[in-house]
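The following exercises are to be worked with the sequence and the coordinates at hand. Please attempt each task before reading its solution.

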Amino acid sequence: MRFRVLGPVRMSPRTPSATKPRAVLATLLVQFNSVVSTHTLIDELWSSDPPRTAATTLQVYVSQLRKALLAHSAEQPLVTSPPGYLIRVAPHELDLVAFEELRAQGREAFARDRYEEASPLLASALELWTGPALSGVPHGPVLESSAIRLDELRTEVLEQRIAADLKLGRHQELIGELLALAHEHPLRETLHCQLMVALYRSGRQSDALQAFQRARRALVEELGVEPGAELTRLQQRVLASDPSLVWRGGASARRAAAASSRPAGPVVWLPPQVADFTGREEELESGERLLLGRAGVASRVLAVSGRPGTGKTALAVRLAHRTAEFFPEGRVLLALRDAGGPAVAPAAAMATLLRRLGPPEEAGGGGAVAVPASEGELSDLLQLRTRGRKLLVVLDDAVSEAQVRPLLGALPDSTVLVTSRQALGALEGVRHLVLAELGQEEAEALLVAAGGPRMAGAPAAVREIAALCGRLPLALRVAAASVAARPHWTAEAFAQRLRDERTRLATLSLGDLNVRGSLLTAYQEVGPGLQRAFRLLSLAPLPDFPLWAAAALLAVDEPAAERDAEALVRAHLLEARRYPDRPAAVRYGHHSLLRTLARELLDQDAPEAVPGATWRLGQELLARARHADALLTPGRDLLARGTEAPAGAGGAVAPLAWFQDEAGAVAETVRRAHALGLWEPAYALASAVGGYFETCALWDDWQSSHDLAVDAARRAAAPHAEAVLVRSLGDLAWQRRQPGRAVDCYRLARMLFEQCGDRTGAARCLSGEADAMLGQGLAAPAERAYAQALTTAIEEGDARGETEALRGLALVSLHRGERAQAAEVLAQSAAAARRLGDRRLRSHVLRLASRAAAPDDQSATVESRPGVWLLNAPPPG
Amino acid sequence: MGTETAPTAPAPATSPFLGPHHLVHRPDTPEAFALDSASPVRQDFVFAAELPEDHPLFSDHSAPFHDLLFPVEALRQAALFAARHYFGVPAHRRIAVASCGVEVGDIRPWRRTGGAAAFSLGLALTPHDVVGGVPRRMVCRGTMAVDGVPCGTAEATLLFVMPGVYRKHRAQGRRDSDRVPASLPVASGAPAPGQVGRRSARNVVIGRPLARREQGLVLPVDALAARAALPGEPGEVPPALFLEASRQSALLAAAAIYGFSPDHALVTRWDASFRGFAEPDLPLACTVSRTARRGVRPVRDEAGRPVVDLRIGFVQGGRSVARASATVLQDC
């Protein structure tokens with residue numbers, strides 16, 4: 001086993017993914033081979049507010065740790081020892097022990113003036129560090145104090161190693177590192193002293209004095225104090241050109257010089273690869289081609305962008321490891337954001353990079369390198385240090401082009417891999433790789449790899465979890481870790497938790513792995529206008545939406561909506577999807593988790609905007625739906641009589657395709673409008689889409705939308721709308737071959753139409769009732785009803801009613817075998833359909849006419865309405 | 001015709017057996033919308049009817065469930081009508097069923113309530129092997145709902161066979177059957193209707209077991225009774241015979257082997273593949289045996305009810321004409 005606390009807390013070969021067990025491990029490790037009491041551990045995990053079940057939960061964490069430890073160890077190292085637990089660690093197993101040993105040896109050598117021994121010992125101690133001490137776990141009192149102590153020890157060792165190097169005459173090599181360190185630790189006077197000495201010994205007295213001034217300014221501005229006695233005295237000595245400051249050399253230095261003449265190895269400053277990195281083979285191959293210039297276009301910079309949580313850093317690190325042989329002089333990762341999220345200034349980034357690149361090599365015994373005092377000078381120094389070297393620099397999590405541009409300028413010979421949440425489109429000479437979510441199979445493989453056997457044993461749940469996580473790698477990892485960390489949870493139960501969209505983001509949170517927080521960072525980086533757009537667009541009723549819907553939701557015109565949508569696309573807060581064969585060739589949509597986030601933010605920040613946006617969208621949809629319906633089933637929607645399509649709605653020239661794209665949006669808007677009490681849009685929209693539902697026999701949507709719409713009409717005291725919708729429900733029941741229910745609906749609707757004085761509507765109900773009767777073999781009453789409906793339709797000038805009534809009369813004739821009579825009436829019906837402009841209805845009537853003309857057709861099959869076949873028709877009754 | 005092909009289906013596209021029903025074409029292209037015409041590519045339909053409450057066959061059950069024969073027959077008739085009307089399959093082509101299956105997902109909607117129940121079958125019909133615009137094969141997949149509640153799936157693969165080919169295969173099948181003596185031991189009557197889930201003796205299509213083996217039963221199929229009870233064409237074995245005989249023999253075997261009560265048992269899954277044409281005038285035997293699909297003991301469904309899987313074969317002479325598997329649920 002190997003344990004690491006000098007950086008992120010790790011246990012190899014496998015670290016527990018849950019943070020609380022990791023915190024228990026860290027607390028035991030910093031007091032290894034000593035008993036840590038249960039109370040101390042509880043305080044560490046929950047501070048002053050432990051849950052009632054703290055002791056039991058702690059036992060669970062200990063049990064998880066023991067399981068993980070025992071998997072890789074012959075003997076259980078974590079033992080119970082009243083009043084708590086202790087972890088037995090051999091010296092070689094813990095990096096902290098090795099650090100302490102090297103530090104002690106280095107100090108001892110230093111004390112005996114054996115600087116050539118002290119320097120590498122102390123450097124080796126420093127190499128054990130992989131980041132801030134005890135990072136990646138929440139800190140309670142023990143870990144907090146331990147982290148502070150360890151970081152202080154590290155800085156102390158660093159200062160001592162530099163002191164040893166100065167004693168060895170490596171002042172020129174140290175300048176770059178010291179500049180970076182002085183920038184990183186502006187209040188650390190020892191480092192400033194060492195920088196001044198190095199500069200002075202390199203013949204750069206004025207730079208040494210400027211270094212003093214920078215240090216003084218920092219101390220005064222930050223702390224309001226003047227530099228300490230040692231720094232002030234050193235300034236006086238530099239001013240006085242004190243000869244004792246000059247390096248004299250010595251046996252120790254000569255020994256060291258011999259050692260330093262060995263060629264330096266590659267500079268590698270990369271985090272370890274993600275252990276269960278899964279998929280992305282295509283992106284890795286593409287990235288490798290682009291990085292190595294095999295893609296046909298010469299470019300030394302590759303920008304990888306994608307929304308938070310897509311695994312950009314993991315991919316970049318993997319690429320850096322995969323391409324190691326092509327960058328023999330080093331691969332360095334540099335974070336361009338501080339832990340808290342703000343951007344690192346280019347100068348600070350350069351300083352850090354200089355430090356990571358290590359001390360400068362003397363170029364053939366040439367002169368001293370120029371000392372940087374500004375961004376420009378740092379840039380010059382970086383250029384000098386990287387000139388001609390085969391280096392790969394990963395600039396991770398870049399904030400903007402402005403941040404990256406100076407760094408690219410400072411690294412003209414290096415290959416650079418930039419990761420960013422934004423597509424850095426304004427960078428020149430850059431190849432771009434956009435990282436989307438994983439494919440379904442890759443997502444499922446990641447869940448299984450990271451989630452262990454309980455995931456592997458539940459393929460259906462894994463499939464569902466992958467979909468509910470939107471195949472976003474971060475969300476998948478949290479999901480996998482959540483199941484793995486809780487032995488009492490099953491994958492099925494976790495999938496069930498995720499199903500509720502309102503709590504999905506909360507469910508996808510585990511320790512410091514927080515999907516919501518990660519997604520929120522992208523939202524927080526755009527301005528208030530785009531934040532509003534991001535929130536409002538989540539009200540789109542379908543996962544993707546056309547531009548006109550965005551314009552309606554945002555209450556702007558389409559060009560303005562497009563600007564906002566495209567800006568959100570660049571920020572990876574929205575996706576643009578291209579459908580060349582659909583009425584709206586480009587549609588926009590949120591990633592499913594971002595949509596959840598946007599709805600949360602909308603409910604939280606601007607719930608009052610919801611009814612207005614829904615109303616606007618409803619009105620826009622209504623205008624377009626009525627326009628499409630007028631082409632699909634002209635005259636069917638009696639609520640649309642007398643309305644005209646407003647300007648801009650004329651785009652729906654392919655009504656079937658328009659409804660195929662938007663009927664779901666209409667149905668969902670009916671539901672939402674009804675829920676918000678927007679009665680008129682609810683019933684009007686349902687009526688406008690009814691013709692499409694009837695044409696395509698979409699019974700479930702037809703029924704549910706119309707049930708809500710009838711309720712809306714009743715609540716709005718709109719009897720005419722109620723009549724229209726109830727009649728449509730009669731058509732539904734008729735199509736479903738429920739004649740009794742159909743007749744009930746037609747009769748109720750007819751009564752309501754008559755109350756409203758709408759003779760056209762009432763006559764159509766009569767025709768519908770006759771259809772139902774004829775389908776049951778009741779030809780005589782059906783004939784009477786058709787005749788009555790026909791009279792009214794002619795009187796009212798209702799071509800649709802006339803067509804349908806005439807068709808009914810013809811069907812009665814066919815039913816009785818009166819073919820000539822049927823053919824004559826069908827000709828009249830076809831003429832009425834032509835007047836109506838309904839091609840489908842006319843085509844249907846002509847098919848019936850063709851059958852009437854076929855004397856040998858005796859089958860009990862009839863096309864009662866367009867595309868609706870009555871098979872095994874009952875005999876005449 | 002290879003071994004993957006099948007027994008017969010009668011020529012007419014519709015029969016009054018199901019009663020009046022609607023078949024609605026769901027257009028998804030402008031030409032289908034405007035002209036109700038269809039290219040030889042997948043077309044969607046929906047079948048609608050009321051499940052019969054007073055039908056001599058479909059309502060004749062000792063268990064309180066609607067009859068699975070109804071959706072299977074609905075699928076067959078709807079598919080035949082669509083094949084002729086929408087895909088242009090000529091009327092003289094003979095229809096063979098290569099495979100057929102039905103599965104009940106949720107048994108609750110299948111329970112008879114005494115009132116009218118609306119049945120719907122959403123159908124996706126995909127033509128294959130299209131020659132001259134006419135398919136030679138059609139894959140049919142359906143989703144069933146009762147009173148709007150989804151409750152199962154049904155599927156079938158149909159072949160549209162030229163009359164000459166059909167006649168050749170009938171003749172070849174008969175010769176193959178004749179090579180092995182086709183006589184069966186004389187059956188000692190039919191089982192009581194209640195033993196096979198029926199109330200009327202008219203609808204019993206199998207005889208008493210001819211043999212009882214360790215793993216199952218061998219039963220004669222009463223083709224004469226089947227022709228009287230089931231829809232079909234003269235000179236052919238009724239297509240519904242295989243499902244009905246499978247169902248009756250499965251209930252009988254579930255009772256004999258596992259102690260199920262036929263009055264409270266139903267077949268919730270049936271899958272069959274057909275390997276030739278059965279001849280109506282030759283003795284047809286049915287074998288039903290336990291299978292190790294989910295172990296030889298009954299397993300339990302989510303509600304804790306016992307469920308068993310059975311393997312069924314239909315043999316004429318020495319020739320296998322169909323193989324099927326069925327799942328029987330003990331409702332309790």
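The exercises below concern a predicted model, and each is followed by a worked solution.

**Exercise 1. Geometry and burial of a helix**

Task: For helix 4 (residues 95-111) of chain A, compare the expected span with the distance between the end C-alpha atoms, and determine how the buried residues are arranged about the axis.

Solution:
- Step 1. The expected span is 1.5 Å times one less than the number of residues. For the 17 residues of helix 4 of chain A this gives 24 Å, and the end C-alpha atoms are 24 Å apart, so the two values agree.
- Step 2. A residue is buried if 20 or more other C-beta atoms lie within 10 Å of its own. In helix 4 of chain A, the buried residues are Asp95(A), Leu96(A), Phe99(A), Leu102(A), Arg103(A), Gly106(A) and Phe110(A).
- Step 3. Viewed down the axis of helix 4 of chain A, the buried residues occupy an arc of 130 degrees, and therefore they line one face of the helix.
- Step 4. Ala104(A) and Ala111(A), on the other side of helix 4 of chain A, are exposed.
- Step 5. The cover over the buried residues of helix 4 of chain A includes strand 1 (2-4), helix 5 (115-127) and helix 6 (141-167) of chain A.
- Step 6. Just after helix 4 of chain A, Asp113(A) adopts a positive phi of about 60 degrees.

**Exercise 2. Backbone exceptions**

Task: Locate Asn33(A) and Arg280(A) among the elements of chain A, and decide whether each is buried, partly exposed or exposed. Then find where the cis peptide bond that ends at Pro83(A) is placed.

Solution:
- Step 1. Most residues other than glycine have a negative phi, and most peptide bonds are trans.
- Step 2. Asn33(A), which is not a glycine, has a positive phi of about 60 degrees. Asn33(A) belongs to the loop between helix 1 (19-30) and strand 3 (36-37) of chain A. Because 15 C-beta neighbours lie inside 10 Å, Asn33(A) counts as partly exposed.
- Step 3. Arg280(A) likewise has a positive phi, near 65 degrees, and occupies the loop between strand 6 (267-269) and helix 12 (281-291) of chain A. With 22 C-beta neighbours inside 10 Å, Arg280(A) counts as buried.
- Step 4. The peptide bond from Pro82(A) to Pro83(A) is cis, with omega near 10 degrees. Pro83(A) is in the loop between strand 4 (78-81) and strand 5 (84-87) of chain A.

**Exercise 3. The nonpolar core**

Task: Which residues of the largest nonpolar core touch the most other members, and which helix gives the largest share of this core?

Solution:
- Step 1. The largest nonpolar core has 259 residues, of which Leu447(A), Ile465(A) and Leu685(A) touch the most other members.
- Step 2. Helix 5 (residues 241-258) of chain B provides the largest share of this core, 11 residues.
- Step 3. Domain 3 (440-518) and domain 4 (526-607) of chain A each contribute at least three residues to this core.
- Step 4. Not counting residues up to four places away in sequence, Ile465(A) touches Leu447(A), Ala479(A), Ala491(A), Phe494(A), Ala495(A) and Leu498(A).

**Exercise 4. Contact between two domains**

Task: Describe how domain 3 and domain 4 of chain A meet.

Solution:
- Step 1. The C-alpha centres of domain 3 and domain 4 of chain A lie 26 Å apart.
- Step 2. The contact takes 8 residues from domain 3 of chain A and 6 residues from domain 4 of chain A.
- Step 3. On the side of domain 3 that touches domain 4, helix 22 (501-507) and helix 23 (515-524) of chain A each supply at least two residues. The largest share of that side, 3 residues, comes from helix 22 of chain A.

Conventions:
Residues numbered from 1 in each chain as written. Chains lettered and ligands numbered in written order. Predicted model: local features only at pLDDT ≥ 70, side-chain atom pairs only at ≥ 80, totals over all residues. Core = buried A, V, L, I, M, F, W, Y, C linked by C-beta atoms within 7 Å. Buried ≥ 20, exposed ≤ 12 C-beta atoms within 10 Å, placed from the backbone. Helix = DSSP H or I, 4+ residues; strand = E, 2+ residues; numbered from the N terminus. Domains from an automatic or database assignment. Contact = placed C-beta atoms within 7 Å. Arc of directions from axis to C-beta.
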